[in-house]
Amino acid sequence: MKVKQISIFIENKSGRLAEVARALGEKSVNILALSLADTSDFGILRLLVDNTDVALETLKSSGFTVNKTDVVAVEVSDQPGGLCEILQTLDEAQINVEYMYAFVERNAGNAVIIFRFDEIDNAIETLQGKGVNILSGEQLYSL
């Protein structure tokens, strides 16, 4: 149950984020979640969108350096300790989290945590074995 994420390498200068948003908006691509990590010279903008293929093509044709990555969308209760339970399960299995970001579902009272793992298949199997709800791409895009 992997989800496709787009990573965009952008210069750390005024207007570049707006260019990404404009290019996607013009193609009616909806951004579901995002994360931005930066250095003094460049940033990595990670996006979950409702149409990965169109987004990838649009951004490449707009001159951005873009790639597609597999990530895992984990649904947890939006309450104190929800994240801790997931992280403890991963720690016990010695699975490394490369990065993560999250958002809250609009009406469900749950959070969705997006994980990038060094051992993605092992992470999925471990989490499912503990009864953790892992969202498919279709489930995620319908939120």
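A residue is called buried here when its relative accessible area is under 20%, and exposed when that area is over 50%. With that in hand, let's look at helix H3 in this predicted model.

H3 covers residues 82-92, and its buried members are Gly82, Ile86, Thr89 and Leu90. They sit on the same side of the helix, because the arc they cover around the axis is only 95°. Flip to the other side of H3 and you find Asp91 and Glu92, both exposed. Just past the helix comes glutamine 94, with a positive phi near 55°.

What covers the buried residues of H3? Strands E4, E5 and E6 are part of the cover, and so is helix H4. Here is where these elements run:

| Element | Residues |
|---|---|
| Strand E4 | 65-77 |
| Strand E5 | 97-104 |
| Strand E6 | 110-117 |
| Helix H4 | 120-129 |

Now for the packing. The largest nonpolar core holds 16 residues, and Ile86 and Leu90 are among those with the most contacts inside it, along with Val72, Val74, Phe115, Phe117 and Leu127. E4, H3, E6 and H4 each give two or more residues to this core. Another core, of 15 residues, lies apart from it and includes Val29, Leu45, Val49 and Leu56. As for valine 74, its contacts beyond four places in sequence include Ile86, Phe115 and Leu127, plus Ala111 and Val132.

Not everything nonpolar is tucked away, though: Leu83, Leu87 and Met100 make a surface patch with about 210 Å² of accessible area together. Methionine 100 belongs to strand E5. Its relative accessible area is 33%, so methionine 100 counts as partly exposed.

Definitions and conventions. Residues numbered from 1 in each chain as written. Predicted model: local features only at pLDDT ≥ 70, side-chain atom pairs only at ≥ 80, totals over all residues. Heavy atoms only, no water. Patch = residues over 30% accessible without salt bridge, like charges linked within 9 Å, V, L, I, M, F, W, Y side chains within 5 Å. Areas by Shrake-Rupley, 256 points an atom, 1.4 Å probe, with all protein chains shown as cover. Salt bridge = Lys/Arg side-chain N within 4 Å of Asp/Glu carboxyl O. Helix = DSSP H or I, 4+ residues; strand = E, 2+ residues; numbered from the N terminus. Buried < 20%, exposed > 50% of the residue type's maximum accessible area, 1.4 Å probe, protein only. Arc of directions from axis to C-beta. Contact = heavy atoms within 4.5 Å. Core = buried A, V, L, I, M, F, W, Y, C linked by side-chain atoms within 4.5 Å.
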